[in-house]
Amino acid sequence: MPSTPNFADRDGWIWFNGELVPWRDARVHVLTHTLHYGLGVFEGVRAYKTHRGATIFRLHEHTERLFNSAHILRMEIPYTANELNRAQCEVVKANGLDEGYLRPMCFLGSEGMGLRADGLSVNVMVAAWPWPSYMDPAARERGIKVRTSSYTRHHVNITMCKAKANGNYINSLLALREALDCGAEEALLLDAEGYVAEGSGENVFVVKDGVIHTPELTSCLDGITRRTIFTLADELGYPILERRITRDEVYIADEAFFTGTAAEVLPIRELDARRIGNGGRGAVTEKLQALYFDQVRGRRNAHPHWHTAVADYV
């Protein structure tokens, strides 16, 4: 992953509780409840440079998922969806970005401590910064090496798997660090029954005999890029089956790839030292990847409702 500068030491603007504040002034107290207990929700969103200027891809769906996550965790966001959509456009414009990554987050304040979490404010921030590629850009063609994690993905009765919750990502951090230590670039996590779930921050797909397979939405997140791939695959004539997948099925797949807002469409060339398919980006993955980038960069006319032009919103 490309290195990033110190996020606390940079110029720019962050939307924080209803107003734009200078980047370095967007601060919270060390006794902020979410910092101690992890009860917060967030999104990862991308803006792309298109012929209409900066456009945010599937903004409304991301904001809807943020509100759903908050509802699951019993957090009452003190803004409307429209206000947060506007806020995300505002930070892109204020920071002079023609494309970039956005991070909306809702977190509990410092009014109290303890697990009761009584009487706490819900704070909301939105930041945006340039983030051209989550992985080395060459990985889009070459594919990445993946290791099956020794850490199990969340069980549906241990945490709320449909919420994109801050604390859930401890599991992801542990799995990814283990994979990196072993010389891989990403982790593949299995669910509590031993079936393939997802990557540390991505949904996973495998291709076999022209059919695309992906895990059911049990312990894995309902990814918005995942939903996009369902639509694009249908346009290309590829069926997608949602079902349980075993690890050894991935070993003998013709192709495999990850999807996510940060990762976009990322081929998997190897899992647990087993080459997948031809050991690089497969033909189906390449077609989906090309169509995805045409879509997000506004090079096709389909699905105009997926694109929110920043200039039209602020």
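**Reading cores, cavities and odd angles**

Analyst: Let's start in the middle of things: the largest nonpolar core has 33 residues, and V250 and F258 have the most contacts inside it. There's also a second, separate core, with 31 residues, V41, V45, A70 and I77 among them. Keep in mind as we go that this is a predicted model.

User: Okay, what do nonpolar side chains tend to do in soluble globular proteins?

Analyst: They tend to be buried together. Here you can look for that twice, once around V250 and F258 in the 33-residue core, and once in the separate core that includes V41 and I77.

User: What about gaps? How many cavities of 30 Å³ or more does a search of the whole structure find?

Analyst: First the idea: rolling a probe the size of a water molecule over the atoms shows where empty space is left. In this structure, the search turns up two cavities of 30 Å³ or more. The largest has a volume of about 60 Å³, and the second largest holds about 40 Å³ of space.

User: Which residues line the largest cavity?

Analyst: Its lining is made of R46, Y48, F57, H62, I224, T225, T261 and Y292. Two elements, β4 (45–50) and α6 (224–236), each supply at least two of the lining residues. Sort the lining by class and you get four nonpolar, three polar and one charged.

User: And how do the residues lining the second largest cavity divide by class?

Analyst: That lining has seven nonpolar residues, with no polar and no charged ones. The residues are V146, L188, V204, V250, I268, L271 and I276. You've met V250 already, as one of the residues with the most contacts inside the largest nonpolar core.

User: Pockets are the open kind of space, right? What volume does the second largest pocket have?

Analyst: About 250 Å³. Its lining includes H33, Y37, G38, L39, L73 and L115, along with A117, T159, M160, A165, G167 and N168. By class, that comes to seven nonpolar, five polar and no charged residues.

User: Now single residues. Is R153 buried or exposed?

Analyst: Look at relative accessibility, where under 20% means buried. R153 has 6%, so it counts as buried. You'll find R153 in the loop between β8 (144–148) and α5 (169–181).

User: Which side chains does the side chain of R153 make polar contacts with?

Analyst: There are two to look at. One polar contact, of 2.7 Å, joins R153 to the side chain of N171, and another, of 3.0 Å, goes to the side chain of S172. Leaving aside neighbours within four places in sequence, R153 is also in contact with other residues, including L189, D191, E198 and S219.

User: How about K93: buried or exposed?

Analyst: For exposed, the value has to be over 50%. K93 has 55% relative accessibility, so it counts as exposed. K93 is in helix α3 (residues 81–94), and its C-alpha atom is separated by 19 Å from that of A81, 12 residues away along the chain. Setting aside neighbours within four places in sequence, K93 is in contact with V310 and V314.

User: Where does Y195 sit, and how far apart in space are Y195 and R244?

Analyst: Y195 is in the loop between β9 (186–190) and β10 (196–199). Here's a nice lesson in sequence versus space: Y195 and R244 are 49 residues apart in sequence and 6.3 Å apart in space, C-alpha to C-alpha. Not counting residues up to four places away, Y195 touches L189, L190, R244, I245 and T246. At 24% relative accessibility, Y195 counts as partly exposed.

User: Last one, backbone angles. What sign of phi do most residues other than glycine have?

Analyst: Negative, for most of them. Two residues here go the other way. E264 has a positive phi, near 60 degrees, and isn't a glycine; A273 isn't one either, and its phi is positive at about 65 degrees.

User: Where are E264 and A273 found?

Analyst: E264 is in strand β15 (residues 264–271), whereas A273 is in the loop between β15 and β16 (274–275). Their surroundings contrast too: E264 counts as buried because its relative accessibility is 2%, while A273 is exposed, with a relative accessible area of 67%.

Terms used. Residues numbered from 1 in each chain as written. Predicted model: local features only at pLDDT ≥ 70, side-chain atom pairs only at ≥ 80, totals over all residues. Heavy atoms only, no water. 1 Å grid on protein atoms, 1.4 Å probe; cavity = no way out; pocket = protein on both sides within 12 Å on 5 of 7 lines; lining within 4 Å. Points joined across faces, edges and corners; volume = space filled by probe spheres on them. Nonpolar A, V, L, I, M, F, W, Y, C, P; charged D, E, K, R; others polar. Helix = DSSP H or I, 4+ residues; strand = E, 2+ residues; numbered from the N terminus. Buried < 20%, exposed > 50% of the residue type's maximum accessible area, 1.4 Å probe, protein only. Polar contact = N/O pair within 3.5 Å; in protein donor to acceptor, adjacent residues only side chain to side chain. Contact = heavy atoms within 4.5 Å. Core = buried A, V, L, I, M, F, W, Y, C linked by side-chain atoms within 4.5 Å.
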